[in-house]
Amino acid sequence: MAVRDAASLLVGLLVLFHAWGVWADVEVNMEDRVEAYLGEEARINCMFTSAEGVGALRIHWFFVTRSGEKKQIYYLESTMKYADRGTQFTDRVNGTISPGTAVLTISDVHIEDEVEFICHIKSLTEGREGRTKLKVFDAPAFPSIEGIQTGISVNEVNPSKIGTCEVKNGFPKPNITWYRNNTPLRPAQDEVEITLSVTVESSGLFSVRSELRMKVTKEDKDDQFYCEVTYFVPGGTRMTETNRINITVYYPSTAVSVWVESPKGKIKEGDSIMLQCRGNGNTPSSFLSFKHGEEELPSEQDTLVLHNATRLDSGVYLCISTDTDTFEEIAGNTTLFVHYLDPAVVIPEDTIVPQGQDLKATCNALSSVDTHTAWFKDGEEISKGNTLIVKDATFDTAGTYECVVTVPEIEGMETRGTLYVNVQGQPEIIKPDNTEMVQQVETTVSLHCKVRGFPAPRVEWTTADGKVLDETSREVTDEGVQSTVDVKVTSDITVFCNATNDFGTDALTFDIKATTHTTAATTTAETTTTITTTTTSPASTTTISSTTVKPKTVNPPKKKVKKESSGGVIIAVIIICILLLAILGSVLYFLYKKGKICGRSGKQDLTKEKSNKDNIVVEMKSDNTEEAVLLGVNGEKQPPNDQ
């Protein structure tokens, strides 16, 4: 019985211990990796399950050194926590715990923090642990690219350096890929070489440099090269590209082109011609030269200039490209034609045409292209075509004719010829507008006589009294002669211009009236009053007429002096005399009435005998009336029939 009870107790204890172990199990789970940027904060989570509760758990955080040693950095339980001294995390680590999760926080993450971390959780009966790795990231600087500055020859045997790409301060190590025209380049034997060099900076960051070498062909001259840089970041990767670069490829020419750079269009004599030559290759070892026929012409690089071109410069021009490395020659050519226009030839050059006959002349100029001819006289176009015909020639026909030959399709291409025409005939004096003039005494007058005619007329100046005057000047014109004489005016004078040649004569008369300087009167007569005094006797009757003027004010001229003729002076004297006679008659009559004449005093009648002999009649006229009033000696009115 006792044995049975002991066995039962043992079985119960075993069951109890087994149940306690199952209830006390701890499970720990952690992520494979935790990612963080350099200099930022990293949170490492340790997730667990336990039946004992948080208060019965102790958490130990460890990291694995580069040598594989496991080293504690933090301890945590419900009543106490601390960071272990003497580690790289001592001042930057902190831990927290909550139901189901323990968190280790690392601030200011360093490159060397990229290690394996261990979370160890202990209960009353056992312990469990989990592991994770911390990954640190830092984006690199923007990449740079530098191409080769010198040209690359297609004749190079080995691959030539194209350029280098560099990216600095990235973590983990960035990757560089070369591209040509958006196509990635891969190393190829004897064709493409890519050399990579990696530098670990003192900060622990990586700098990567890549150099590209390749054999180039002519087709690579327009290619663009660049680099693509990829780098890791938390949660993935990123990419950036450099600028594009071109390379200079040297390759030999397979053809040469020659052309006229200027002038554009057709070329004429006198132009400056610029020829340019260019091969389809690109090599510094090529040399260009020009030839015209067998003559080698001096040029500057790829340009040939012909100054003041002539028709002799026409022909084939050859441009030769010589490779100074291989001495191979390639040539190109162009044909040049210089158009010409010879000087105009006028037939006849000078001609004499009798009056009334026709004038005919021709103008021709040898040209390589079609021309247009026109005739001009005094700046006006008078005819088209190379033949000039003028019918019934007159003195107006004489003069200078200009023949202008142009090439319509080439601007500025023209030539000119001149024809001098003289019309043969007797002199013809061109009469001026005024041959009669009034001049003050002691002034000098210039008289001009323009004479047409051929041969050039002889001009002689004479006066009415036969005196010959010396010419002041003489000018021979296309139409004839122009003569000038200066005449000093002392009195009225008549001057003759006499023109003579082998075919006849012509003359022109100038009449000059001399006048003295006079001052203009300020009043002139407008209304007249006539006083007639008649003395009757058996033998005769005497009538005295007087004219009285109504004053009218006239403003005298300010600057100009009015020139009067001798006839005007005589008329003015006559008018003044009439006025004086009228005044004298009025005074005599007044004295007679007062008895102051013949010893009479007071008012007396005349004897009948006297009154029969002297009957004085005064006739008063006015502009305001047509009535005539007759006054007798005694002042009484008399009818008109009593006159």
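Here is a quick look at the aromatic rings in this structure and the charges that sit over some of them.

This is a predicted model, in which local features need pLDDT of at least 70, side-chain atom pairs count only at pLDDT 80 or more, and totals for chains, interfaces and linings use all residues. Residues are numbered from 1 along each chain as its sequence is written, and side-chain values use heavy atoms, leaving out hydrogens and water.

Let's start with the rings. A search of the whole structure turns up 6 aromatic pairs; rings of Phe, Tyr and Trp (its six-membered ring) pair if their centres lie within 6.5 Å, and planes under 30 degrees apart count as stacked, over 60 as edge-to-face and the rest as tilted. Two of these pairs are set out here:

| Pair | Arrangement | Centre to centre | Angle between planes |
|---|---|---|---|
| Y75 and Y82 | tilted | 5.3 Å | 35° |
| F89 and F117 | edge-to-face | 5.4 Å | 65° |

The F89 and F117 pair links distant parts of the chain, 28 residues apart: F89 is in the loop between β6 (81–83) and β7 (93–98), while F117 is in strand β9 (residues 116–122). Strands here are DSSP runs (E, at least two residues), numbered from the N terminus. F63 joins F89 and F117 in one aromatic cluster.

How about burial? Buried means under 20% relative accessible area, exposed over 50%, and partly exposed in between (1.4 Å probe, protein chains only). F89 and F117 are both buried. Y75 has 7% relative accessibility, so it counts as buried, whereas Y82, at 36%, counts as partly exposed.

Now the charges. The charged end of R244 sits over the ring of Y226, 3.7 Å from its centre (NZ of Lys or CZ of Arg must be within 6 Å of the ring centre and within 35 degrees of the ring normal). R311 lies over the face of Y340, 3.9 Å from the ring centre.

Technical notes
Helices (H or I, at least four residues) and strands (E, at least two) are DSSP runs, numbered from the N terminus.
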